[in-house]
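Here is a set of short exercises to work through with the sequence and the model side by side. Try each task yourself before you read its solution.

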Amino acid sequence: MESKRRVGVLVATALIVAALVVGICLTGGSGGEEESIQVTMRDAVLHETNRIALFGLEVNPGLISAFTVTGLLLVVAALIRVFAIPRFKLVPGKFQLLLETLVETFDNLAKSNSPHRNGFLGAYIFGAGVYIFVSTLFELLGLQVITTEGLSMAMPAPLSDINGAIALGVMSYLVILSGGIAGNGLRGVGSTLKEFSLPISMSFRLFGAMLSGLLVTELVYAYIQLSFVLPVIVAVLFTLLHALIQTYVLTMLTALFYGEVSEHHEKVKKKEK
């Protein structure tokens, strides 16, 4: 019985592959897009054409995505706090174990990089890490919105907009600055301001990673021979990879620099001769 099922699966797979090969051969070599790759890349950065109407204003689609992700996370957090946390037990279940492991991971990251001050740091990198991960995976949902020109488009990841990436980078830098002030006062401000390029590097690292996945997918779609099945695999793999890597990179950098500037340095008194 099992051998017959295996044969059936192999036959079905072979038929699907054959159908795809025939489709590729019949479509020829012409591209399937009217826009050039240069136009697609420029619009992905500047959003000159695909804009969304919001309360009478034309905004980037990434802003709508950011509002949607933020609202979703707040609702989920409220539901967990009201319905799940009061039911936690000494012997954790699957959901409780998952949640505790997630919180403990970011808490340990904060404690290992900033042993002196880590309470607020752990909470911040947990929130920032969850936001980066969820907002990156958000584009896989393919939710559609209507642009001001009447065209339908999928909502992008919030951090694929340069403004969203800059906002998160600057916020992380301000958190690092607050750690310097709390730990060393004005001296902490000076040590933090020395890393003036930090918010720029954080912002463009996030934006570049998100944009690269988008452009790779667009390049695959540009050639109709590759537009069968492959874009789905490429999009999912790139999105998951970026979600994990960028979550780890930003939270690690924030925790590392926060611990460095918040570490209290006592003044060494000179010995009297």
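**Exercise 1. A threonine in a helix**

Decide whether Thr136 is buried or exposed, then find its place in the fold and its contacts.

Solution. Keep in mind throughout that this is a predicted model.
- Step 1: Thr136 has a relative accessible area of 1%. A residue counts as buried under 20%, so Thr136 is buried.
- Step 2: Look for Thr136 along the chain, and you will find this residue in helix 5.
- Step 3: Set aside the neighbours within four places in sequence. Thr136 is then in contact with Ala157, Met210, Thr239, His242 and Ala243.

**Exercise 2. The overall plan**

Find how many helices and strands the protein chain has, and the order in which they come.

Solution.
- Step 1: Counting the elements gives nine helices and four strands.
- Step 2: Reading along the sequence gives the pattern α-α-β-β-α-α-α-β-β-α-α-α-α.
- Step 3: Now turn to burial: of the 273 residues in the protein chain, 34% are buried.
- Step 4: Finally, take the contacts with a separation of 6 or more. Residues 24 or more positions apart account for 69% of these contacts.

**Exercise 3. A pair of rings**

Find the aromatic pair in the structure and decide whether it is stacked or edge-to-face.

Solution.
- Step 1: Searching the whole structure turns up one aromatic pair.
- Step 2: The partners are Phe106 and Phe126, whose ring centres are 5.7 Å apart. Rings pair if their centres lie within 6.5 Å.
- Step 3: The ring planes of Phe106 and Phe126 stand at 85°, so the pair is edge-to-face. The cut-off for this class is over 60 degrees.
- Step 4: Place both partners in the chain. Phe106 belongs to helix 4 (residues 94-113) and Phe126 to helix 5 (residues 119-137), so the pair, 20 residues apart, links distant parts of the chain.
- Step 5: Check the accessible areas. Phe106 is buried, at 10%, whereas Phe126 is partly exposed, at 26%.

**Exercise 4. A pocket and a cavity**

Describe the lining of the second largest pocket, then do likewise for the largest cavity.

Solution.
- Step 1: The second largest pocket has a volume of about 740 Å³.
- Step 2: This pocket is lined by 24 residues, and those closest to its centre are Leu73, Leu102, Phe126, Val130 and Val134. You have already met Phe126 as a partner in the aromatic pair.
- Step 3: Helix 3 (61-84), helix 4, helix 5 and helix 9 (230-262) are the elements that give two or more residues to the pocket lining.
- Step 4: Sorted by class, the pocket lining holds 17 nonpolar, six polar and one charged residues.
- Step 5: Now the cavity. The largest cavity has a volume of about 30 Å³.
- Step 6: Its lining consists of Met202, Arg205, Leu206, Gln246, Val249, Leu250 and Leu253. Two or more of these residues come from each of helix 8 and helix 9, and helix 9 gives the most, with four.
- Step 7: By class, the cavity lining has five nonpolar, one polar and one charged residues.

**Exercise 5. The nonpolar core**

Find which element supplies the largest share of the largest nonpolar core.

Solution.
- Step 1: This core has 39 residues, and those with the most contacts inside it are Ile125, Leu159, Leu168, Ile176 and Leu206.
- Step 2: At least two residues each come from strand 1 (52-54), helix 3, helix 4, helix 5, helix 6 (162-184), helix 8 (198-222) and helix 9.
- Step 3: Helix 8 supplies the largest share, seven residues.
- Step 4: Zoom in on Leu159. Not counting residues up to four places away in sequence, its contacts include Tyr131, Ile132, Leu168, Leu206 and Met210.

**Exercise 6. Two residues outside the helices**

Work out where Phe55 and Glu263 lie, and how accessible each residue is.

Solution.
- Step 1: Phe55 sits in the loop between strand 1 and strand 2 (57-59). Its relative accessible area is 81%, so Phe55 is exposed.
- Step 2: Look at the backbone too: Phe55 has a positive phi of about 55°, although it is not a glycine.
- Step 3: Glu263 lies in the segment after helix 9 and is partly exposed, at 35%.
- Step 4: Glu263 and Pro115 are 148 residues apart in sequence, yet their C-alpha atoms are 8.5 Å apart in space.
- Step 5: Leaving aside neighbours within four places in sequence, Glu263 is in contact with His116 and Asn184.

Notes. Residues are numbered from 1 along each chain as its sequence is written. This is a predicted model: local features need pLDDT of at least 70, side-chain atom pairs count only at pLDDT 80 or more; totals for chains, interfaces and linings use all residues. Side-chain values use heavy atoms; hydrogens and water are left out. Rings of Phe, Tyr and Trp (its six-membered ring) pair if their centres lie within 6.5 Å; planes under 30 degrees apart count as stacked, over 60 as edge-to-face and the rest as tilted. Buried means under 20% relative accessible area, exposed over 50%, partly exposed in between (1.4 Å probe, protein chains only). On a 1 Å grid over the protein atoms alone, a cavity is a set of points where a 1.4 Å probe fits but cannot get out, and a pocket is an open set with protein on both sides within 12 Å along at least five of seven lines; lining residues have an atom within 4 Å of a point. Grid points are joined across faces, edges and corners, and a volume is the space filled by probe spheres set on the points. Ala, Val, Leu, Ile, Met, Phe, Trp, Tyr, Cys and Pro count as nonpolar, Asp, Glu, Lys and Arg as charged, and the others, Gly among them, as polar. Contact means heavy atoms within 4.5 Å. A nonpolar core is a set of buried Ala, Val, Leu, Ile, Met, Phe, Trp, Tyr and Cys residues joined through side-chain atoms within 4.5 Å.
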